[in-house]
Structures are given as structure tokens and as C-alpha cells.
Amino acid sequence: MAHLRMGRREAANRNVVETIEPKSHPVRSWAEDEDVTLDPTRDLFSIQFNGKKRSAAFEVTGNPCPMRSSVLAELDKRIRNKSARIGIMGMGYVGLPLATEFAESGFSVTGIDLNEERVKQVNAGASYIPDVSGDQLTCLVTAKRLSAVSGYEVLSELDVIIMCVPTPLRKTRDPDISFIVAAAEQIAKHARPGQLIILESTTYPGTTQEVILPLLQSDGSLKAGQDFCLAFSPERVDPGNVQFPIKRIPKVIGGVTPTCQQMAMQLYRQIMQRVVSVSSPTVAEMVKLFENTFRAVNIALANEMALLCNRLGIDVWEVVDGAKTKPFGFMAFYPGPGIGGHCIPKDPMYLAWKARLHGFEPRLIDLADQINRQMPHHVVGRVAQALNDRKKSLNGAHILLIGLAYKKDVNDMRESPTFEVAEALVQKGASVSYHDPYIPSAAFNGNPLHSTALSPERLQATDCVVLLTNHTSLDYDQILQHAPLIVDTRHQYGLAQQRNGHVVGL
Ligand SMILES: NC(=O)c1ccc[n+]([C@@H]2O[C@H](COP(=O)([O-])OP(=O)(O)OC[C@H]3O[C@@H](n4cnc5c(N)ncnc54)[C@H](O)[C@@H]3O)[C@@H](O)[C@H]2O)c1
């Protein structure tokens, strides 16, 4: 018999527990922190609170719960002694750092990616993600702890498979989970008993339970919690954030069954400082969307404040900096030229879509999206106004955009507001070039452009510089000294420069 302890949150409701299923367990109330004896051959439990069925989070205490089947017991052992072979599907901004973390901790890791170029680069020890150094990658590849392939045959040899594939939006701004489905179909095709499958891609609540689980069980030969394990654990990495590398960010985990939960917790305990158990994959999916929606909404509030402060002649950064001196109840968010990257502009739309499916109108999420999406146009308005004040027009002006990455010190230009700013400027007759130390070339509206090297002559030849990304390595003094006009969307130059010189704020 296994000793299980009720999860803390459920234990708070201890007085209203009415029944536990399977029915073989006695109907009774449980006390907080009480050990409950359950039959280890049954791993799917649900409990009734006041007549309502709820899933229960169980925490194993004392001796670990014996795994239901010998294949899963073997998997558990292999994870603990780090002989489990780990596969990461999708070697991008999420997958590559995760793969290196597992490899660093002693596991043998195989990256699987459809992008042949990325596969070649991994195997050559050449990193394309700023958070992973080339030296680190080379060491792991040379030590044969990390390699990459572009085919799926390897899937059946792996003990653990983690999906880190993209989750974009369709043109209609609805979720596109086709990459997840394609990856899961390949896993199902190569599945064997004794594997742990984890989805890390950000997605709408219900994806793991309603889409992935049926796919993996479709031929009826394998059952979750018995033959294989399935869990959702959102990736919360913040690219470029050296203070919080992957292992320092608590890992939220929701398993399809308690056995799945335990197995996934066991895996992440090997590399993470803290793992956090939630009662289902759907809760874990919602946790991630809530976090990023929280950011999107608060950024929208900061952006709205910026637009208002602009009318009132107040500097919004000074306001935020003043407000953040309050030691409680306030968290600083800053305005900017718009939101970008593969998370903040997109994740709230996943949630909004799911809400609408359930007849719920997500008004705050939609409003935040509208405000954030208007910021690139506000920037263009500021440029036009600043030129006009100097008796110049946008039509015919040469504008140098500084920063193409969506945030500082990364090379990720997905959804970057710089593209929208450039497009609007060109539509109004301006000619546009860009500089970004992290992105040597890019396609603007289908036209290839190369990053312009900064020099005094180059800066003097522009009508206006628009600072859109405040990369640490930029020579801000040089820009300030030589550009005739600067629209500073990041408050890099502060209030003093705006008052005295040729710098215009957001
Ligand atoms: N980038 C971030 O900062 C971040 C942070 C947290 C969560 N996320 C989430 O993580 C997921 C991945 O994001 P990313 O930024 O790493 O994306 P990415 O585009 O950088 O990498 C995804 C990789 O998956 C590969 N791929 C696509 N389909 C595949 C398949 N069927 N098999 C194997 N490989 C496949 C692509 O070729 C690509 O290299 C997304 O859901 C994203 O929302 C991203």
C-alpha cells in the first residue's frame, strides 16, 4: 500500500470531502496532513467536494508510491539514475536551452528539429540562441551528451520526449496548434511502453487532455498512467535574462494521472531548483496563459498611461519610477513601441479564443491587445510630429530604425513592432534603414535589408533616428552626438535629454 498525502490546496477543503473514486475506497473525511492509504494498482483518483467532482492533487510522502507497471517503474529508475535518454522536439529558443540544461546535468539528450540548418549547427557546437554559449554547446556535443537529428526514427529509442514546438496564431488570430499535433502524431507513430511525454509549448487550456491524450491513445494499445506518462509543463524561460536561467525558474507541472504527475516531477527535479505541482495539465496550461496575459494587460496599462501623459505633458517614466517606490501593491511595467516575441502578443489570444468557445467575452484581454497594437502607429505619429516641428515632412525623410529585436539583448525579431513602424513609415513616403547588432539582415515586406553600420556620417545623414530596442551594447553617446533628431521609445536618454536637446520621448 502507498502512503499519499492530500495536496495542500485540497487539504484546505478537508471537511467537505465526501467520496473518493474508485469506489473501493471508503467514504470519509480527511484531516489536513493526514496520510491516506490508497491502492497503488489504481492510479486515477477523483474526489467529490459537496457533490461536485474535482480532480485531486496527491503528494507522495514517506516511501515513494510504487509505479503501477514495471515499464513505468523502470522509467522512474532511469530518470533517477540519469540513464534515461531524453529527446527534445523543437530546438529553438525554448528547446535548445532546455536540452543543454538536461545534458549539463548528466543526461544523454537528442534534439529533433525539422530545420536542417539548426540540426547542423547543434552538431557543430555552433549556438544560434544567445542564452546558450558556443563553448558550452561544443563541450556537450564533444562529450556525446547532446546531438541533434532531423528524422523521427529516434523517437522509439527515447525514454522521455519533450515537445517545444511553435504555437503561432493563424491570420485570423486564432490558435494554430498544427505543430503540436504534427509532433504528437510522430510520437504516437513511434510510441512504445515506458515513455514519458511532456508538452512545454504554450497553448490553450485543454490541449494536453483533449488533443494530445486521445492522439497518443488512439490505437488502444497504450494507456496513460499505466503504459506511458503524459504531462504539461509550461516553459517560462525569459530569453536574455541572466538573473533567471532555466533552472532557477520554478517549474509548474500538471500530469494526466497521478502517476504521470509523479514521473514528470521526478524528471524536472533532476534539473530544476523547484517543481510546483498542480492538479491537471489544464490548470498548468492556464497558469502559463494567465502569467502572459497579466504581462500583456499591464503593459497595455503602461502604454495607455504613456498616451495620456503625452497629452498632459508629463513624463510617463517619471510617473512609473515614482509609483514603484511603493513597497507593496504595485509592480512596474513600462510603455514601449509595441509588444513582440513569440509569447506576449500571442498567448492572450489563445486564451481569448478558448474563452469565446465557452461563450465568454474576454473584454480586458481584447482591450489590452488593441492598446498594445496601436503603439507602433503612435511611434510613427511621434516621428511625423517631431519632423513637422522642425519644418520637415515624413514624406521623403530618411529614417534610421535602431533595434529590430523585440527586446534588448536578444536576436529574436518575431512579431517585432519595428516591422510595423517601418511599414507605416514607408507608406507615408519615408525611406527606412535599420541597425541591430544582433540581426545582420532581415526581410521587410518581402524586401531584404542589411543592418546599417553606425558611424557619425551615417547618423548625420538621417533626418530622424527612432530608438526601438535598447540593446546594452549600442553606443548611445555616439547616436546622441550625431543624430539630428531622435525619437526615443525606450526612455534611454531620460527626461533631461528630452528637455534640453533633440530627443523626443514616446
Ligand atoms: N521564445 C520564448 O521566449 C518562449 C518562452 C516561453 C515559452 N515559449 C513557447 O515555447 C514554444 C516554442 O517556442 P520557441 O520560441 O522555442 O520557438 P522556435 O520557433 O524558436 O523553435 C521551435 C522549433 O521547433 C521546430 N519544429 C517545428 N515543428 C517541429 C516538429 N514537428 N518536429 C520537430 N521540430 C519541429 C522548428 O523548426 C523550430 O526550430 C512556443 O509554444 C512558445 O510560445 C517560448
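These legends go with a set of close-up views of a predicted model.

**View 1. The whole chain, before zooming in.**
The chain has 506 residues, and 42% of them count as buried. Its secondary structure comes to 16 helices and 21 strands. If you take the contacts with a separation of 6 or more, 69% of them are between residues 24 or more positions apart.

**View 2. The eight-stranded sheet is open and mixed.**
Follow the strands across and you get the order β9-β8-β7-β10-β11-β12-β13-β14, with mixed pairing. At the edges sit β9 (146–149) and β14 (275–277), each of which pairs on one side only. On average, neighbouring strands here are turned by 25° against each other, direction ignored. In general, strands of a sheet pair through backbone hydrogen bonds, in a parallel or an antiparallel sense. Inside this sheet, β7 and β10 (residues 160–163) go for the parallel sense, over four bridges. One spot to look for is G87, which stands opposite I161 in β10.

**View 3. The largest nonpolar core, with I88 in the picture.**
This core has 64 residues, and the ones that touch the most other members are I88, C229, L230 and A264. Helix α8 (residues 258–269) gives the most to the core, with six residues. Zoom in on I88 and, leaving out residues up to four places away in sequence, you'll find that I88 touches G95, L98, A99, V109, G111, I112, I162 and C164. A second core of 38 residues lies apart from this one, with V379, L404, Y406 and A430 among its members.

**View 4. The shell around the ligand.**
How many residues surround the ligand? There are 26, and the closest are G90, G92, Y93, V94 and S201. By type, the shell splits into 15 nonpolar, eight polar and three charged residues. Helix α6 (residues 178–190) gives the most to the shell, with three residues.

**View 5. V94, one of the closest residues to the ligand.**
V94 is in the loop between β7 and α3 (95–104). Is V94 buried or exposed? V94 counts as buried because there are 26 C-beta neighbours inside 10 Å, and 20 is enough to qualify. Setting aside neighbours within four places in sequence, V94 is in contact with C164, E200, E235 and V237. Also worth finding is D238: V94 and D238 are 144 residues apart in sequence, yet 9.3 Å apart in space, C-alpha to C-alpha.

**View 6. The five-stranded parallel sheet and helix α12.**
Here's an open sheet with the order β16-β15-β19-β20-β21 and parallel pairing. Its edge strands are β16 (431–435) and β21 (503–504), and each pairs on one side only. Helix α12 (residues 363–389) packs on the sheet and touches β15, β19 (464–467), β20 (486–488) and β21. The direction of α12 makes about 150° with that of β19. Strand β15 (residues 398–402) is joined to β16 by five bridges, and the two run parallel. To find that pair on screen, look for I402, which stands opposite H435 in β16.

**View 7. The β17–β18 hairpin.**
β17 (residues 441–444) and β18 (residues 447–450) pair in the antiparallel sense, over four bridges. F444 has N447 in β18 as its bridge partner. The hairpin has two residues between the strands, and N445 takes a positive phi near 50° there.

**View 8. Two loop residues with a positive phi, K82 and E415.**
Most residues other than glycine have a negative phi. K82 is not a glycine, but has a positive phi of about 60°. Look for K82 in the loop between α2 (70–80) and β7 (85–89). With 13 C-beta neighbours inside 10 Å, K82 counts as partly exposed, since the exposed class stops at 12. E415 also isn't a glycine, and its phi is positive, near 60°. That residue, E415, is in the loop between β15 and α13 (417–427). E415 has 19 C-beta neighbours inside 10 Å and so counts as partly exposed, because being buried takes 20 or more.

Key
Residues are numbered from 1 along each chain as its sequence is written. This is a predicted model: local features need pLDDT of at least 70, side-chain atom pairs count only at pLDDT 80 or more; totals for chains, interfaces and linings use all residues. A residue is near a molecule or strand if its C-beta atom, placed from the backbone, lies within 6 Å of it. Ala, Val, Leu, Ile, Met, Phe, Trp, Tyr, Cys and Pro count as nonpolar, Asp, Glu, Lys and Arg as charged, and the others, Gly among them, as polar. Two strands pair if DSSP finds at least two bridges between them. Two residues are in contact if their C-beta atoms, placed from the backbone, lie within 7 Å. Axes are lines fitted to C-alpha atoms, for helices over the stretch in contact, and angles run from 0 to 180 degrees between N-to-C directions. A nonpolar core is a set of buried Ala, Val, Leu, Ile, Met, Phe, Trp, Tyr and Cys residues joined through C-beta atoms within 7 Å.
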